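Subject: Structure handover

Hi,

Here is the structure I promised to pass on to you. Have a look at it first, and then read my notes below.

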Amino acid sequence: MKKYLLALALTAALPTAAFAQEETAPDGSEAFGIEPYVGVLGGYHEFSRQSEFGSPRGGRMNGGLVSGVAGVNIPLGPAFVGVEGNATKGFGDIDWEYGVKGRIGGRAGESGLIYASAGYQWVNGKRAYGDEKDWIYGVGVEVGPRDIGLGGVTGNSGVRLRLSAETYDFDSIRPMAGVIFHF
């Protein structure tokens, strides 16, 4: 009996699987697949005085950032899931930051993305600030060339502009902006 139920379930799923393979995402690419990317971002990270970094000298830890990111998105029709890693050089009170996070979101327009992320971040301080690690949460948007009127320039692959805001354990604000090269 179990064999017959399994065969019936597989037979019922075949038209659905065939239909899913024919779908395309809003940007014209396949609705299901793997989309790797790399990027360069710049921004600023400012911690509150109540963070685990404390406040030596009565101040708060902060500094500019230049970040390299690499990741992969897995499109699921109009939605996607992904994973991303970063290595970030800091300036001011921040020496280095690095981490990994998962992303989930939806495709917006013809080539854009809107997403939320969560992961783990390591922060190395300098100037009397120590090294810590904790959770990081964020939201972001990526705007592709088709959404800003440049659809014929890069086709389905190419450059997206990213704007994001993240928080380290809800004790900081970390706005970032840059370019993502996806292929």
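**What I found**

Strands E2 and E3 run antiparallel to each other, paired over 12 bridges. Keep in mind as you read that this is a predicted model.

Let me stay with that pair for a moment. One of the bridges puts Val72 opposite Val83 in E3. The two strands make a hairpin with 2 residues between them, and Gly77 there has a positive phi near 70 degrees.

On its other pairing, E3 meets strand E4 (residues 94-108), again in the antiparallel sense, over 11 bridges. Here Thr88 faces Glu97 in E4. This is a hairpin too, with 3 residues between the strands, and Gly92 in the turn takes a positive phi of about 80 degrees.

Which side chains of E3 point to the buried face? Along residues 79-90 they alternate: Phe80, Gly82, Glu84, Asn86, Thr88 and Gly90 point to one face and are buried. Ala79, Val81, Val83, Gly85, Ala87 and Lys89 point to the other face and are not buried.

Now for the nonpolar core. In soluble globular proteins, nonpolar side chains tend to be buried together. The largest core here has 13 residues, and the members that touch the most others are Phe47, Phe53, Met61, Ile94 and Val123. Strands E1 (35-47), E2 (62-76) and E8 (172-182) each bring at least two residues to this core. E1 gives the largest share, with 3 residues.

Phe47 is a good place to zoom in. Leaving aside residues up to four places away in sequence, Phe47 touches Phe53, Met61, Ile94 and Val123, and also Arg60, Tyr168, Asp171 and Ser172.

Next, the charged residues. Side chains of opposite charge can pair when their charged atoms come close. There are 12 salt bridges in the structure, and I picked out three to show you.

- Arg60, which we just met beside Phe47, forms a salt bridge with Glu46 at 3.0 Å, N to O. Arg60 sits in the loop between E1 and E2 and Glu46 in strand E1, 14 residues apart. Arg60 is partly exposed because its relative accessibility is 36%, and Glu46 is also partly exposed, at 26%.
- Lys101 pairs with Glu166, and their closest N and O atoms are 2.1 Å apart. Lys101 lies in strand E4 and Glu166 in strand E7 (residues 158-168), so this salt bridge ties together parts that are 65 residues apart in sequence. Are these two buried or exposed? Lys101 is buried, with a relative accessible area of 8%, and Glu166 counts as buried at 5%. The cut-off for buried is under 20%.
- Glu142 and Arg103 meet in a salt bridge of 3.3 Å, N to O. This pair links strand E6 (residues 131-143), where Glu142 sits, to strand E4, which holds Arg103, 39 residues apart. Both Glu142 and Arg103 are buried.

The last two pairs belong to something wider. Lys101, Glu166, Glu142 and Arg103 are part of a network of salt bridges that also includes Glu84, Glu97, Arg160, Arg162 and Arg174. Two of these names have come up already: Glu84 is on the buried face of E3, and Glu97 is the residue opposite Thr88.

Happy looking!

Note on methods. Residues numbered from 1 in each chain as written. Heavy atoms only, no water. Core = buried A, V, L, I, M, F, W, Y, C linked by side-chain atoms within 4.5 Å. Buried < 20%, exposed > 50% of the residue type's maximum accessible area, 1.4 Å probe, protein only. Helix = DSSP H or I, 4+ residues; strand = E, 2+ residues; numbered from the N terminus. Contact = heavy atoms within 4.5 Å. Pairing = 2+ DSSP bridges. Salt bridge = Lys/Arg side-chain N within 4 Å of Asp/Glu carboxyl O.
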